[in-house]
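Work through the exercises below with the sequence and the 3D structure open. Try each task before reading its solution.

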Amino acid sequence: MSTPPPRRPRPTFTDQEALAFHSQGRPGKLEVVPTKPMATQRDLSLAYSPGVAVPVKAIHEDPSRAFDLTARGNMVAVISNGTAILGLGNLGALASKPVMEGKAVLFKRFADVDSIDLEVDTEDADAFVNSVRYLGPSFGGINLEDIKAPECFIIEERLRELMDIPVFHDDQHGTAIIAAAGLINALHLTGRDIKETRLVVNGAGAAGIACVELLKAMGFSPNNVVLCDTKGVIYRGRESGMNQWKSAHAAATDARSLADALDGADAVFGLSVKGAFTPEMIASMAPQPIIFAMANPDPEITPEEVAAIRDDAIVATGRSDYPNQVNNVLGFPYIFRGALDVQATTINMEMKIAAAESLAALAREDVPDEVAAAYQGSRPRFGREYIIPVPFDPRLISTVPPAVAQAAMDTGVARRPIVDKRAYRGQLSARRDPVAGTLNRIFERVRKFPKRVVFAEGEEEQVIRAALSFANQGLGTAILVGREDRIYETATFAGIELEGRDNIQIMNARLSKRNTAYAQFLYDRLQRKGFLFRDCQRLINQDRNHFGAAMVALGDADALVTGVTRNYSTAMEEIRRVIDPKPGHRVIGVSLCLARGRAVLVADTAIHEMPSADELAEIAVEAAGVARRLGYEPRVALLSFSTFGQPRAERAERVQEAVELLERKRVDFEFDGEMGADVALNANQLAAYPFSRLKAPANVLVMPAFHSAAISTKMLQELGGTTVLGPLIVGLDKPVQIVTLGSTDADIVNMAALAAFNIGG
C-alpha cells in the first residue's frame, strides 16, 4: 500500500465572486470588435452601402469566395439547448448561455477562432435540426454542446448529413479524443499492445459511446471492449434499456455487472458518477491498471483512493487539481483550427485519430518553462503522472491543427489544402503568441544559415533547456559554457538527455585550448585601464561572460546570449570590456512591443539615462535600422510630453534639436517630433497636424530618457495586452543579447535566435 499522492490546492471562489465576474463592466464574456477601420464616411461606405455590393456579387458568382471576403472561414457557432449543462442537468437553453459564451471565449483564447453562442429553445430533435441546418452560410463550423443523449446522436448525425461544414458534438468527441491520447501513452508506459488490451467503459451516454467508437477505430479489438451502463454490461441479447447506439457495441461476454467486467481488465474509462468504482473492483484489475475516472465534478474513484489499494496504477480524472486531467480544451479549439484552415467539409474519424495521436506525442516531449511555471517549480515529465499535455502548453497550437489539417487533406475533405506546411506552423504560432509571429521570419532565416551561439550560463537548467531547444529547432550549434560534470548533473536531474548530440557542445573555460589566447586578447584591451594580465586571466577563467564574449570576438563562435544570473547593467559592463561598438554606431537598447496586432519599437530602453540631442538622433537612426531588419518600414516619432511646441518647455528643446539634426542628416525614413505618444500612435490625432512628416502612425518611438522608456514598456507589459521583447542590444560590433533575470527557456531561445540573426546590426 502506497502513500496517497499530494493534492494540489484547488482554486476556490464564492458564488458572489462568480456572479460579479460575469456581471462587472460589460455583462457577459463577449463583444464584437470590427476588424476594419470605421472612422470615416469612406470607411462606412466601404464596409456597408454602397461598397459592400462588390463582395456580395463576387460571392454570388463564386460561393467559395465567402471564405476570403467574410469572417465565415474563422467563425464557429457554439450551439446548445441546455438539456445537459455540465454536471447540472437539463436547466434549459437560457441557462446554458454563460457556458456557451465561455466556450466561445476558449475558442478565441486558445486557437484564435472567432465564435458566437446560439441557444436553441427546444428539446425536440427535429426542431433543433431544422433551426440549425439553415445557418450553414454564416459559419465555418458548428460546435454542439451540452445536449443530452440520445438526442445528441440524432442531431449530430442529421446535421452532418445536411451541412457541408464540420459539425462536432464536443461532449462526445472532445472527451473521446483527449482520453484516447492519454490511453495511448498509458499503454506505452505499461508495455501493452492496443490490440490485446482489455478495456471497460462505464457510462453509455454521448461521451462513453464516442470513446468506444474512437478506440475501436484506432485498433482496439471489439471483443476486448465492454460497455456498461446503469443496468450493467451491454451484452449481446440484452433487451432492457437498449437503443441503437448501445446495441452497436454490445459485447459477446458472460459478464453482467461492472464488477464482472473489471475482473482482470487492463483499463477502465469512467464516464458515469461519483463512487461508481469500488476498491474491490480496482483490486481485481490486471497488473498496472489504467484508470480514467472522468466523472465531473467528482470522479468515480479518486487518485488517493486508488493509491490506497495499489501502487501500480496510472490514474486520470477530469479535474485540474489532479495529474492527468482529461480536459476538452486540449481538443476542440485546435481541431476546429485545423479543420477551418483547410476549409474541411466535415471532421471525420481520421481527423479525430490524428488529433489524439498528436496530443499523445506532445506529452512525450520535453516540457517548456511556460508549462513548468504553472506547477510552481515542479516541472512535469512524461510518466505516470504526466500522460496528457496541459491546456496552457503553448505548443498545442502548432501541434494539433497541422495533424488535423493533414488528415483532412489525406482523406479528401479539405477544400483548400495547405501547401507550405512549415509556414503554416509559423502562422499558427503567431495566432497564439504575437512574438512568435514576429520572430518566425527570423527563425526561418537562421535555419537557412545556422550559427554557433554561446549560452554563457551553461550550468543553469533553463539555459540547458534553451540550448537543447535551439539545437532541436535547427537554428545551429549551442555552446554551453560551464563545468561538464555540473552541466550533465543538472541535465540528468531535469530529465534532459545531452549525450550523443553533435549540435550541443560544452566548453569549460579553464580547460579550453584557447584560454591563453582569450586572456591575452583581454589584456591587450584592458592593460591601460588598470588591469594586469593575471586580472584578465582570472576573468577568462572565472567569468563566463568574459570567456563567452572572447569566443565571439575572436571568431570561435558567432553570437552570445547571457543574463539569466545577473542584472542587465552588470552583464552589459562585462560584455563591453570585450566587444566594442560597431564603427559609426551607437550602442542602445530597443524593446519590441506587440499589442492588438501592432508592433512598435521603443528606444532607448537600456543604455542612455538622459540622452543629448545628438544621442537622440543617433538612437533614432539605430532604432530605424532594427525596424528594417524586422521587416518594417520605419516611421520614427521622437516623443515628449509636449507636441510641436505645446506646451512650451525647456526639456522638449533636446527633442526639437534632435529632429533638426535628423533633417540635416537627410535620413531615409519618416520621422518627426517632438510629440506625445497619443499623437504618434493615433491616426486621428496625428491628422490634426497636417504638416507632420509622418504619413501614418509611428512604429518606432524614441523616448526622451531612459526612465520614461523603461517605465512605459514595463507598465505596458504588466497591465496586460502587450507582449514586450527585449531590450535588444543594438550597435555592438559582434552579436550579443542579454536576457532579463529569471527569463524562461523560451525567452532565452528567442534572444539566442535574435543574436544569431544579428538583430543589432
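The exercises cover two sheets, a strand pair, some loop residues and two cis peptide bonds.

The model is predicted, so local features need pLDDT of at least 70 and side-chain atom pairs count only at pLDDT 80 or more, while totals for chains, interfaces and linings use all residues. Residues are numbered from 1 along each chain as its sequence is written, and side-chain values use heavy atoms, with hydrogens and water left out.

**Exercise 1. State the strand order of the sheet that contains E1 to E4, and find its edge strands.**

Step 1. Helices (H or I, at least four residues) and strands (E, at least two) are DSSP runs, numbered from the N terminus. Two strands pair if DSSP finds at least two bridges between them.

Step 2. The sheet is open and has 4 strands in the order E2-E1-E3-E4, with parallel pairing.

Step 3. Strand E2 (114-119) and strand E4 (167-169) each have a single partner strand, so one side of each lacks a neighbour in the sheet. These two are the edges.

Step 4. On average, neighbouring strands of this sheet are turned by 25° against each other, direction ignored. Axes are lines fitted to C-alpha atoms, for helices over the stretch in contact, and angles run from 0 to 180 degrees between N-to-C directions.

Step 5. Take the pair at one edge: strand E3 (residues 141-144) pairs with E4 in the parallel sense over 3 bridges. In this pair Leu144 stands opposite His169 of E4.

Step 6. Helix H7 (residues 151-162) packs on the sheet and touches E3 and E4; contact means heavy atoms within 4.5 Å. The direction of H7 makes about 165° with that of E4.

**Exercise 2. Describe the backbone of Asp146 and Pro150 in the loop between E3 and H7.**

Step 1. Most residues other than glycine have a negative phi, and most peptide bonds are trans.

Step 2. Asp146 lies in this loop and has a positive phi of about 55° although it is not a glycine.

Step 3. Is Asp146 buried or exposed? Buried means under 20% relative accessible area, exposed over 50%, and partly exposed in between (1.4 Å probe, protein chains only). Asp146 has a relative accessible area of 2% and is therefore buried.

Step 4. Pro150 is found in the loop as well. The peptide bond from Ala149 to Pro150 is cis, with omega near 5°.

Step 5. For a second cis bond, look at Gly726 and Pro727, where omega is about 5°. Pro727 is found in strand E20 (residues 723-730).

**Exercise 3. Classify Leu88 and Val326 as buried or exposed.**

Step 1. Leu88 is placed in the loop between strand E1 (75-80) and helix H5 (97-111). Its relative accessible area is 58%, so Leu88 is exposed.

Step 2. Val326 lies in the loop between strand E10 (314-317) and helix H14 (332-341). Its relative accessibility is 8%, so Val326 counts as buried.

Step 3. Which residues does Val326 touch, not counting residues up to four places away in sequence? They are Thr175, Ile178, Ala179, Phe292, Met294, Ala316, Thr317, Gly318 and Ile388.

**Exercise 4. State the strand order of the sheet that contains E11, and find the helices packed on it.**

Step 1. This open sheet has 5 strands in the order E13-E12-E11-E14-E21, with parallel pairing.

Step 2. Strand E13 (504-507) and strand E21 (736-738) are the edge strands, and each pairs on one side only. From one strand to the next, the twist averages 20°.

Step 3. Strand E11 (residues 451-455) runs parallel to strand E14 (residues 559-562), and 3 bridges join them. Phe455 stands opposite Val561 in E14.

Step 4. Helix H24 (residues 544-553) packs on the sheet, touching E11, strand E12 (476-481), E13 and E14. The direction of H24 makes about 160° with that of E14.

Step 5. Helix H25 (residues 568-576) also packs on the sheet, touching E14 and E21, and its direction makes about 160° with that of E21.

**Exercise 5. Find how many residues of strand E17 are buried, and describe how E17 pairs with E18.**

Step 1. In strand E17 (residues 635-639), 4 of the 5 residues are buried.

Step 2. E17 pairs with strand E18 (residues 670-675) in the parallel sense over 5 bridges. Leu638 stands opposite Gly673 in E18.
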